[in-house]
Each structure stands twice: as C-alpha cells, then as structure tokens.
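Work through the exercises below with the sequence and the model side by side. Try each task before reading its solution.

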Amino acid sequence: GIYATLYHEHAVHAGGADFVFRGPLSESLNIALYTFGFRLMRKKDAVPYYKLPFCSHYPFAALRTSEGCPFRCPYCASELLSDAKYARSSAADVMNEIAELYSRGVRDYALYDDAFLHDADNHAKPILKSIAHFGLPVRFHTPNGLHARFVDDEVARLMSNFKTVRLSLETTDRQRQRNTGDKVTNSDLADAVELFKQNGFKKDELGVYLMYGLPGQELPEVIESVNFLKSLDVRIYLAEFSPVKGTRSWNDLVQNGIIEDAIDPLLTNNTVFSFFYSGYDSREVRSLKLAVKAHNEE
C-alpha cells in the first residue's frame, strides 16, 4: 500500500501489524500472505493483477488497464510506488477481465489508471471500441483525473457509457503548469470539455480536479483558476496539495525549510497540511469552498 511503501519504517514501528509489505504487487506478496493462510490468484498479463478468491460478488469493481505512469510530476509518487516500467494491457485482456466481472454481476467499473488516455490511438481507443462492440450494459467511472490534452472527438464519443468523468488541472497559471509537468493548458481543458458536451455529457457528469496549496501558490491564483472552471460550467473538485515523501516537491519543501524530512506523516495529510503550511487565510479558503459548493449545486 501507499503508506506501507512510502513510510515503511514508520509503518513497521508505529503500525502494530504482524507484517508490513512494501512495494508494488508481486509474487513476493503472495509468498508473504501464504504464511498467514491466504493465496492470491494472478492474472497472466503485462499488468500484474491479483485478486482474493472470496471477493467476487460486488456490483462494482476497480479496473486498471496499465501500471505506472509515463509522466514524472514533481508532486506525484507514482514512480515511487511502482518499480516497473509503464506497461499496458491489451484491449482483449481488458475485455476478458470486464466479461469475467460482468458474469459475476459487476455493472460499474472504476478505471484507476494514472494515464488512461496517453497514446490513446494504441491503448484507450482500442479498449473503448472493444467495449462498444460487445455492447454490455455497463457504466464506467474515472476517479483518477484524465489528461485533457488527449481528448479528441473520437475519444469523447467512445466514452458515451462513462458516467463519471474527471479531468485534471493543477492551475491556470501557465508558468506553474510548465513547472508541474506541462501536461495540460487552459485551452486543452476547454477544448476537452467542449468535446464532451458536444457528445452529450452534462455538468453533473463532468468534473475537474483543481489543486491548491502548491508550494509558492498564492490564493488569488487559486481563485482565478476556480473562476475559469466556472466559466466552463463543469463541477469543480478542489484538491488540497499534500507533500509525498521522496518526491521533488517534498525535497524542495525540506530544502527551503518549510518542513522537516522527519515530519510526522499525519501533518502531511491533505486535511491539515494546507491549513498549517500554505499561508492561506482559513476564512478565505472556507469562503472559496462554499462558493465552489454553490456552483456545483446549481
């Protein structure tokens, strides 16, 4: 898991567990669990996939069509959590997985890829076309933000059975966009939203994650970004920045004396970090959150 991997020593000494496994899913996890009487079944695929044999009757399921991420954002721990190179499953393997889960009653699927639309012509589009071809009455959701730059008319059309679409935008500030990976511009996002709307998506199905509390980010920049998203008439999901140990953002905060490398992990949680370390006026943040809530409810 995330905590067990990024804060392994802390988890070992403070967690009270019999055993703490660090790193991505692998056969070594199977070996460790076997000592406790469990055995995982592995799907033979480019992307490792394990499941417990007794978890088979839920009407929803998490689905990953790739492992790792081709991007290296300064605040993200994806490369720390997976020691494997970016790998993707074939459309046939993904459909086999969906078909198996469908036979067990699953109708809702949450895609947890870090970059589902990356190189869409060779990955997402074949998968989406395969899903459309079989015509199963299922619904898909993208709790992980999609990259707006890779949305074209074909992608938006093929995603017609997606009921929860989330796009990602760190900020509308162009320089900060460059500093955080240069994955999306304001025009990229606006174009993607327009394409989805042209293909029948409504406001309650379209949402955008907007980060705030990034190192050096002033509150007026966040307010400007919120106003931009309001103009696109999409749901806004404010995402508080929280530093992750081992990332470039973490190292910058340590070097600048904002935090200590040995800071208690609880203080880096997004529920408290921005409150203590962003420098924002808590009343202004509360007012902004209420304004976003009112916009989302319109």
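The exercises that follow concern a predicted model, and each one is followed by a worked solution.

**Exercise 1. Describe how helix α5 and helix α6 cross, and which residues meet there.**

Start by locating the two elements: helix α5 covers residues 91–103, and helix α6 covers residues 124–134. Next, take the axes of α5 and α6, which come within 9 Å and cross at roughly 45°. Because angles under 35 degrees count as roughly parallel and those from 65 to 115 as roughly perpendicular, this crossing makes α5 oblique to α6. The handedness comes next, and here α5 passes α6 in a right-handed crossing. Finally, list the residues on each side: α5 contributes A91, V94, M95 and I98, which meet P126, I127, S130, I131 and F134 of α6. Sorted by character, the residues of this contact divide into 8 nonpolar, 1 polar and no charged.

**Exercise 2. Find the residues that touch the most other members of the largest nonpolar core, and name the helix that gives the most to this core.**

The largest nonpolar core holds 52 residues, and within this core M159, L167, L189, F196 and L229 touch the most other members. Helix α10, residues 219–232, gives the most to this core, with 6 residues. To see the surroundings of one of these residues, take L189 and leave aside its neighbours within four places in sequence: L189 is then in contact with A148, L167, S168, L169, V184, V208, F228, L229 and L232. A second, separate core of 14 residues also exists, and its members include Y7, C73, L214 and W250. As background, nonpolar side chains in soluble globular proteins tend to be buried together.

**Exercise 3. Decide for R166 and for Y3 whether each is buried, partly exposed or exposed, and place each relative to R22.**

Begin with R166, which lies in strand β8, residues 162–169. Its relative accessibility is 10%, and since buried means under 20%, R166 counts as buried. Not counting residues up to four places away in sequence, R166 touches T142, P143, N144, G145, L146, E205, L206, G207, Y209 and Y237. From C-alpha to C-alpha, R166 and R22 are 29 Å apart in space, while in sequence they are 144 residues apart.

Turn now to Y3, which belongs to helix α1, residues 2–6. With a relative accessible area of 37%, Y3 is partly exposed. Apart from its neighbours within four places in sequence, Y3 is in contact with H8, H10 and A11. The separation of Y3 and R22 is 19 residues in sequence and 8.7 Å in space, again C-alpha to C-alpha.

**Exercise 4. Examine the loop residues D119, D182 and N161, giving the place and accessibility of each.**

D119 is found in the loop between β6 (108–111) and α6, and its positive phi is about 55° although D119 is not a glycine. Its relative accessible area of 31% makes D119 partly exposed.

D182 lies in the loop between α8 (174–179) and α9 (186–198). This residue, too, is not a glycine and has a positive phi, of about 50°. At 30% relative accessibility, D182 counts as partly exposed.

N161 sits in the loop between α7 (153–158) and β8. Here the relative accessible area is 18%, so N161 is buried. Its contacts, leaving aside neighbours within four places in sequence, are I131, V138, R139 and F140.

Key. Residues are numbered from 1 along each chain as its sequence is written. This is a predicted model: local features need pLDDT of at least 70, side-chain atom pairs count only at pLDDT 80 or more; totals for chains, interfaces and linings use all residues. Side-chain values use heavy atoms; hydrogens and water are left out. Axes are lines fitted to C-alpha atoms, for helices over the stretch in contact, and angles run from 0 to 180 degrees between N-to-C directions. Helices (H or I, at least four residues) and strands (E, at least two) are DSSP runs, numbered from the N terminus. Angles under 35 degrees count as roughly parallel, over 145 as roughly antiparallel, 65 to 115 as roughly perpendicular and the rest as oblique. A crossing is left-handed if the near helix is turned anticlockwise from the far one by less than a right angle, and right-handed if clockwise. Contact means heavy atoms within 4.5 Å. Ala, Val, Leu, Ile, Met, Phe, Trp, Tyr, Cys and Pro count as nonpolar, Asp, Glu, Lys and Arg as charged, and the others, Gly among them, as polar. A nonpolar core is a set of buried Ala, Val, Leu, Ile, Met, Phe, Trp, Tyr and Cys residues joined through side-chain atoms within 4.5 Å. Buried means under 20% relative accessible area, exposed over 50%, partly exposed in between (1.4 Å probe, protein chains only).
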